[in-house]
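Here's a quick walk through a sheet, the helices that go with it, and one strand worth a second look. Have the structure open as you read.

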Amino acid sequence: MNKNSSNIMALGPNTPNKRETVCIFGTGDFGRALGHKLIQSGYPVVYGSRSTQISNLIPKDAEVLGHAEAAQKAAIIIIAVQRQHYNFLTPLAEVLRGKVLVDISNNLKLNQYPESNAEYLSQLLPGSKVVKAFNTVSAWALQSGTLDASRQVFVCGDDVEAKQMVMNIVRALGLTPLDKGSLLAAQEIENYPLQLFPMWKFPIFLSFGLAAFFFLYCLALDVIYTYIYENNNFSFFIAITIPNRVCPVMALILFALVYLPGIFAAIIQLYRGTKYRRFPDWLDKWMLCRKQLGLVALAFASLHVVFTLVTPLRAFASWRTSKGIVSQALNNKTEPLDHTNAWLSDSYLALGILGYFLFVLLGITSLPSVSNNVNWREFRFVQSKLGYLALILCTAHTLVYGGKWFLSPSAYKWYLPDIYILSLIVPCALLVVKFVLIFPCVDKPLTQIRQGWERNPKYSE
Amino acid sequence: MNKNSSNIMALGPNTPNKRETVCIFGTGDFGRALGHKLIQSGYPVVYGSRSTQISNLIPKDAEVLGHAEAAQKAAIIIIAVQRQHYNFLTPLAEVLRGKVLVDISNNLKLNQYPESNAEYLSQLLPGSKVVKAFNTVSAWALQSGTLDASRQVFVCGDDVEAKQMVMNIVRALGLTPLDKGSLLAAQEIENYPLQLFPMWKFPIFLSFGLAAFFFLYCLALDVIYTYIYENNNFSFFIAITIPNRVCPVMALILFALVYLPGIFAAIIQLYRGTKYRRFPDWLDKWMLCRKQLGLVALAFASLHVVFTLVTPLRAFASWRTSKGIVSQALNNKTEPLDHTNAWLSDSYLALGILGYFLFVLLGITSLPSVSNNVNWREFRFVQSKLGYLALILCTAHTLVYGGKWFLSPSAYKWYLPDIYILSLIVPCALLVVKFVLIFPCVDKPLTQIRQGWERNPKYSE
Amino acid sequence: MNKNSSNIMALGPNTPNKRETVCIFGTGDFGRALGHKLIQSGYPVVYGSRSTQISNLIPKDAEVLGHAEAAQKAAIIIIAVQRQHYNFLTPLAEVLRGKVLVDISNNLKLNQYPESNAEYLSQLLPGSKVVKAFNTVSAWALQSGTLDASRQVFVCGDDVEAKQMVMNIVRALGLTPLDKGSLLAAQEIENYPLQLFPMWKFPIFLSFGLAAFFFLYCLALDVIYTYIYENNNFSFFIAITIPNRVCPVMALILFALVYLPGIFAAIIQLYRGTKYRRFPDWLDKWMLCRKQLGLVALAFASLHVVFTLVTPLRAFASWRTSKGIVSQALNNKTEPLDHTNAWLSDSYLALGILGYFLFVLLGITSLPSVSNNVNWREFRFVQSKLGYLALILCTAHTLVYGGKWFLSPSAYKWYLPDIYILSLIVPCALLVVKFVLIFPCVDKPLTQIRQGWERNPKYSE
């Protein structure tokens, strides 16, 4: 600044660099971290505290006063105390009248109280303007400056100007405010940091359960059966061979489960003849986790691809290859090319590649930044048309792969079918029903129902 | 709430939970769906309708009145009727004066009317504040709650406060409003849901056409020629071998087509000596779809990678391998390592891997969320510097791959070159011209022209 | 419009389509480009210039006047001149009083002046409302219409209404305004377009240096040693074999370097007994580039995967395979399956696949649009829990891969260990220390310290 003294003159007393004082009630960990950060960003900070003796934990440029005196010094008061102590604020109601109170509190459980902390604060002090903010930011992240996770700060409040003042502070701290509307949104904002992938729980538990079952099934048929009846120790199949049987099966079944609820919904609507009655609860929940189911299926499909591509590098594979070739050489003959086999092998590989390619495309489209740039018509086209095409290709891939073994009795160890046969049940049934639903005589009433027509209006009362 | 009765007392009469009444004109499908959703979110809803007899399709907590009475009850009126019936509103002009009218209509075709529906509404009722919103949301999605696609609601309007009121409702419904500015944006917003990947049409049709041509070309040379002259039935090449010839060719050509318009633009600017005249229309359109061309090229390159990696798993490949080895064994000799061959094979694989790696990097950078976090200088660096490097590596990959066959006459079946030779024409020509353009004697005037200098100013009038 | 003449009537004189005049000071390249674009978007444009003779470079629909007359015609004046000429504006202070001045200037270097250009302008003309905008958009992009890079326009300013007016213009030009708060943000906005991946510099230089070192190390051991002592020319190893040794080593080391600073931070905090003292500067910087280190590691890991999968396609690999099989055939015996070898080969492949899978998951989570949809708890879960699991799997992959050669003296050429042994030092040390830190007797005080507890409060003064 000293290079340019004339400009400093022009700046005058009310320089725009001077920021308004912020008051923080509470000298706990988050209050101190936020104070540090505010001082770094050029805000004068004053703490309101019961004991005004200066603790050395408090940033040294901050003032510490009693609650009432501190509040008088600032237009914005950040309430960094826990909800159960909020009632100490009621005697201060007069001092806090018209001030902006920022509620930054979090709870320990989802929906712990009937109303959100911010709404409770607003009821205690109806004369103040309560804004909810900062609860999604951790003290540790503020302190260390390593804001790796989301820089988004959800802000809500009933007073637009108060909200704007808080959002300016958020921006000044290098964070991104996101206006979530009125104080009613506070409940949602308070629940947000307590969640751990709530939408993923069901798909992940389901797939772990199914995968464990199929793993044991394969273990029995491929390792134990072989050991007992053929006296071959193929225990090393546990590492790659069996996972590479389970992954495609899981991928196909979960992929079919993405489209199954849509089929059920269509059947229910056709049966009821109206769209104005709610689906059963299980169907609603199932429909809401379709994206997650699809992404888990994509993960299994990707593992299947890598496990398959790695095959030629395995010691077992090179041993099997060389065994075959050596026996040919020792028998002094060269086997001719089996054209049927070449066709089958190439087709199921090609079908799998194309199906996986479309599946990855679906996955990319479900990235938030991509799906936000896509309109409803485009999203439907990708998720429905391309999705069914991918499912058809993947099912065909499995059918062609297993083709020749289906009816061969030697393939049934202990009279149990191989798991790829089990994996075909859901997708094949789904595709048959979907094929029926496409027929005009079924599709037309369904479309009408979805546009609001009702077969028997009295049902919908 | 009943756990905490003292708080309810404190809430008083004008609780913030009480939301303002919303009026909906029209009891069609979208009007009903929106009404349902509004009631769920705590808004009192009143329908304005010609016939006020209560239909059982209308949400049962909603009131149904005549248009004028309904409008008087609310500050916001959602017009859920089609544009051709808007003139029934003109007699209501006095009642609607100063009210916020939300136009949610869509058209059946792009640019169906000279002005947007919202602007038309605003002209009909100049005393009301028209806001365009909700047209990108489908009734079905609102009804079923499965808002898989974008939750963005584009909002535009000339009155800032009216827009803010509508945006608050949007947020309350769990959607994300996006302010698109004044009512002029309504045309664009109304066109938005009618589009089906408009930018992708040309690249996809072009690549389908080219791919079909190359597929038939390969089919003739690899299957039909072999069948006629060598009496070998390689029809199974259709599944993997031929696609794996077409994909890399398509990827390389399309990748070159991404950078070709930039070369044309530079030549045109050099020739004209100014940047202030518009490019020909075809060049403008071409430049605008470069990102899409590049992503289609990346898709073909990815398919090529997977098709190639899958090679050792093919029955044909293992047959060919074992045939070669068995013949060596039967001839009782071991072939020594061909160093030239080892060098060639490893180099073209390495070049391909590095080129593909950079290509994927380009693809990731073009994800909306990534490119939004990158400034102009960084974007130019990635798309131009890294992009050309990737193109050079991919071209070198193809050159080294074909290296030894280029001049061998036996490679030319029916006097036709193999398609990888065809694929090299565009990228090689492009790279040569680009190399010339980098020379200072060419680059310097070009840079000057791009900074606004003109060789012959009178041309630009 | 002519289809609908009655509407045009209704439009009247003050049609909303009529946009306010915008004045541009300066007829340089950017001023002209912006003027063109504004006229295209329906804004009347008037240029303020010293010489009012009409240059043919200026868009022909624009007016050109002296500065004072031009400024009087508009409420918004875009200052398209360089900072060093700003003082020509001081005599115009009276004309510009109350007007919105848009500062679009950029500097040539980061932090070139003590205060930002926009703040300087605001100091020169305290009566005007200065808004910073458009500096991130290039004239070339505006002119050509190919806004491939970010459409985001950062806007900041102290006057909310002035900012809103500028943001409306930004939207009208088809760009997305992003409110960055008060004029204090101008410094950051002016620095933004000058940056070239500032966070990536250290990770990329570090990895280039390390990779070059490991490449030469491998070259010495694998090519030169073999050439001297075994008289084998394996120079073609440069293309794939050596890169495929360097890439996994780089990936593992860089991956460990992502988690190392966290370990250092924990040790420092335990030693100091407080979290309220700053970490050393090198540690702070290291922590801030962990994401970039991780993504570079992921890039090396991906290259390793592709290089490995490509192995069976190499001429060298097929020569080695056939040599082995032919020698078996000539010796008239078939080697039995080595079960230990099969176990080892399958386990290290499976460990590598799972480790890479989790690594890719981490990479996807660090995409901006994904990490914005994830809360702090979820982000910590992925980056910490899943991250450590991935690191453990990758380390185990390397350990099992090298397993049998560790103690074999023949593996040590020139008494130097193979590079995969070097690569294990950092991750193994890291995992051991992390294991110690998990013990309750260490973890409990650490957690307390991170919650704000201090062992010896007087230290923190």
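## The sheet in chain C

In this predicted model, chain C has an open, mixed sheet of eight strands, ordered S3-S2-S1-S4-S5-S6-S7-S8. The edges belong to S3 (63-65) and S8 (176-179) of chain C; each has a single partner strand, so one side of each is left without a neighbour in the sheet. From one strand to the next, the twist averages 30°.

For an antiparallel pairing, go to S6 (residues 129-132) and S7 (residues 152-157) of chain C, which are joined by two bridges. Here Lys132(C) sits opposite Cys156(C).

## Helices on the sheet

Helix H2 (residues 29-40) of chain C packs on the sheet and touches S1 (22-25), S2 (45-48) and S4 (76-79) of that chain. Its direction is at about 160° to that of S2(C).

Helix H7 (residues 160-172) of chain C lies across S1, S4, S5 (100-103), S6, S7 and S8 of chain C, and runs at about 155° to S8(C).

## A close look at S5 in chain A

Now hop over to chain A. Which residues of S5 (residues 100-103) are buried on each side? Val100(A) and Val102(A) are buried on one side, Leu101(A) and Asp103(A) on the other, so both faces of the strand are covered. In a regular strand, side chains alternate between the two faces of the sheet.

S5(A) has parallel pairings with S4 (residues 76-79) of chain A, over four bridges, and with S6 (residues 129-132) of chain A, also over four bridges. Ile79(A) has Asp103(A) as its bridge partner, while Val102(A) is matched with Val131(A). Together, S5(A), helix H5 (residues 117-124) of chain A and S6(A) form a right-handed β-α-β unit.

Terms used: Residues numbered from 1 in each chain as written. Chains lettered and ligands numbered in written order. Predicted model: local features only at pLDDT ≥ 70, side-chain atom pairs only at ≥ 80, totals over all residues. Heavy atoms only, no water. Pairing = 2+ DSSP bridges. Axes fitted to C-alpha atoms, helices over the stretch in contact; angles between N-to-C directions. Contact = heavy atoms within 4.5 Å. Buried < 20%, exposed > 50% of the residue type's maximum accessible area, 1.4 Å probe, protein only. Right-handed = clockwise from strand over helix to strand, strands pointing away.
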